[in-house]
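Reader: I have a chain to go through. Please take me through its strands, helices and ring pairs.

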Amino acid sequence: MALTSYVCFNCRHSNGLKASLRNFSSARRNRDILRPATAPKPTPDVKHIRQNADLYAQNCIDRNYAGHAGYPSKIQQLSEEARQLDHDLKTPRSRIKQLEKTIAKLHIATRQDADGNTNEKSPSPSEGLAELKSEAQRLKDDSQSMTERKATCTEEINRLALALPNLSSQFTPIGHDPTLLQARSHVAIGTELNLLDFASSATTTGWGWYFLINEGAMLEQALVQYALSTARRRGWKTVAPPSIVYSYIAEACGFQPRDQHNEQQIWSIEQNERDKNTKPQRSLTGTAEIPLAAMYAGRDINASELPIKLVGASRCYRAEAGSRGVDTKGLYRVHEFTKVELFGWTDNVDGAVPSSDDMFNELLEMQTEILTALHLPCRVLEMPSGDLGASATRKRDIEALFPSRLRASSTATPVDPEIHHLESAWGEVTSASICTDYQSRRLAARVRGGGAKESRFPHTVNGTAMAVPRVLAAILENGWDAERGVVVIPEVLRPWMDGMEVIGRS
């Protein structure tokens, strides 16, 4: 993708609006969530959080988790309390063992005394036995109380640690403004042909759904097949994943019921009253990333199997709450859509080949190849901490130009109309993220072997190969030939379009 580097300007918040603080429910107590015995056991990196409390606290502020900023110091306090309790338990436990031995000897001596084998002038062994038993019981009660408190501290530490977002990478800009890395323009004017039916979907389902008809339906399948073929050519394994998962699996992957703006992002499937307290909640997936990650939940991965590279096409479901604007019209922001997702596992040891950074770069190369072949003007953004989801340590978005938004935004009167006019025309079509061991720890997926003595949590990487509705909309707008009244079909899609070169009356 022959893209040109630019200096970043404050594109995301040129209107002066501030991003709202996150208000996730991820910090709710674990016991409030029904987790069957088969659910993966999460393992947060408490030691790293404890040793870098200030780093994690600042990271919470940088990522709009201000309400969580006190968690790292609280973890330190609870860890110190647990350590002190563990130290304090040594003395009573040692004393209890001594008392138990003494009591056992006195019991033997008492039996001998009862048989008449002891000297009548000697004191009875039973004397003082009750006092020793009383002391032993008191120490046991104290030990039990301290043990229970230690367990409570450990539970609270894990709860707080699991609620923290992943650390931002060194490449992630701090704040709410992305760093503009690259941009490439392609002049084209788009308009819609008779390929979409929103009137019927308004009757059948409502706003946010649509029918693709005629060549529009064919174009969707062509985009899916093209993305899959590109991934397969690079050695990615094809998977057809389910679109329904347990809700605790979605949460383990970093997807909360509500997003960073406290808006609903995941739909849960309704349960009858009988099942609510006996069966785990299920949710519709917002992306195939979730079921692809869950394929290895609770499993040990042999190091020789890595890297694992999966590509899956699925239907995705998003609540997409919030106000409507130019970026919500048509196909850009919908409730149900087809997407091809890339998901990879890499080893988590020094010198691993490929590393998660290597796989991240491979995703970006693939995304660039796909969008370049589709002749879409795009730009690449290194996303800031305020735009990262809970699981990502680093994220890059590629945005395509939507010419129709240039016209839609021309009446706006922001502080700088020129900048706003340009910024509103770009829309995200792909993203790629590194999640380090955030997801694997919560999914209890481990790597064993490979020369390392101990097991470790692998790194995960994910990215969009094809978000069909958005790319389809960009093709319609950028491929529009006004003189001929047609949309030119990118050459790479024509094998799945019955050889058609254009869509329209030409």
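Reader: Is strand β14 enclosed or open to the outside, and how many of its residues are buried?

Author: This is a predicted model. Strand β14 covers residues 459-467. The strand is largely enclosed by the rest of the structure, because the count of buried residues is nine of the nine.

Reader: Which residue of β14 is the bridge partner of valine 340?

Author: Strands β9 and β14 run antiparallel. Eight bridges join them. For valine 340, the bridge partner in β14 is methionine 466.

Reader: Which residue of β14 is the bridge partner of serine 433?

Author: Strand β12, residues 426-434, also pairs with β14. The sense is antiparallel, over three bridges. Serine 433 has as its bridge partner in β14 asparagine 462.

Reader: Which strands stand at the edges of the open sheet of three strands?

Author: The pairing in this open sheet is antiparallel, and the order is β15-β16-β17. Two of these strands have a single partner strand each, so one side of each is left without a neighbour in the sheet. Those edge strands are β15 (480-481) and β17 (502-504).

Reader: What is the bridge partner of valine 486 in β17?

Author: Strand β16 spans residues 486-488. Three bridges pair β16 with β17 in the antiparallel sense. In β17, valine 486 has as its partner glycine 504.

Reader: How far apart are the end C-alpha atoms of helix α10?

Author: Helix α10 has 18 residues, 356-373. At 1.5 Å a residue, the expected span is 26 Å. The model agrees, with the end C-alpha atoms apart by 26 Å.

Reader: Which residue just after α10 takes a positive phi?

Author: Buried residues within α10 include Phe360, Leu364 and Ile370. Just after the helix, phi turns positive, at about 60°. The residue is histidine 375.

Reader: What is the angle between the planes of tryptophan 209 and tryptophan 267?

Author: The structure holds five aromatic pairs. Tryptophan 209 and tryptophan 267 form one that is stacked, 5.9 Å centre to centre. The pair links distant parts of the chain, 58 residues apart: tryptophan 209 is in the loop between α6 and β3, tryptophan 267 in the loop between α8 and β6. Their planes meet at 10°.

Reader: Is tryptophan 267 buried, partly exposed or exposed?

Author: Its relative accessible area is 23%. Buried requires under 20%, and exposed requires over 50%. Tryptophan 267 is therefore partly exposed.

Reader: What kind of aromatic pair do tyrosine 332 and phenylalanine 402 form?

Author: Tyrosine 332 lies in the loop between β8 and β9, and phenylalanine 402 in the loop between β11 and α11. Both residues are buried. The ring centres are 5.6 Å apart, with 85° between the planes. The cut-off is over 60 degrees, so the pair counts as edge-to-face.

Reader: Which charged residue sits over the ring of tyrosine 438?

Author: Charged ends sit over rings at phenylalanine 171 and tyrosine 438. Over phenylalanine 171 sits arginine 394, 3.8 Å from the ring centre. Over tyrosine 438, at 3.7 Å from the ring centre, sits arginine 442.

Reader: Which residues does glycine 216 touch, not counting those up to four places away in sequence?

Author: Glycine 216 belongs to helix α7, residues 215-233. It counts as buried because its relative accessibility is 0%. Asparagine 194 is 22 residues away in sequence and 8.2 Å away in space, C-alpha to C-alpha. The residues that glycine 216 touches are Leu195 and Leu472.

Conventions:
Residues are numbered from 1 along each chain as its sequence is written. This is a predicted model: local features need pLDDT of at least 70, side-chain atom pairs count only at pLDDT 80 or more; totals for chains, interfaces and linings use all residues. Side-chain values use heavy atoms; hydrogens and water are left out. Rings of Phe, Tyr and Trp (its six-membered ring) pair if their centres lie within 6.5 Å; planes under 30 degrees apart count as stacked, over 60 as edge-to-face and the rest as tilted. Helices (H or I, at least four residues) and strands (E, at least two) are DSSP runs, numbered from the N terminus. Buried means under 20% relative accessible area, exposed over 50%, partly exposed in between (1.4 Å probe, protein chains only). A charge sits over a ring if NZ of Lys or CZ of Arg is within 6 Å of the ring centre and within 35 degrees of the ring normal. Two strands pair if DSSP finds at least two bridges between them. The expected span of a helix is 1.5 Å times one less than its number of residues. Contact means heavy atoms within 4.5 Å.
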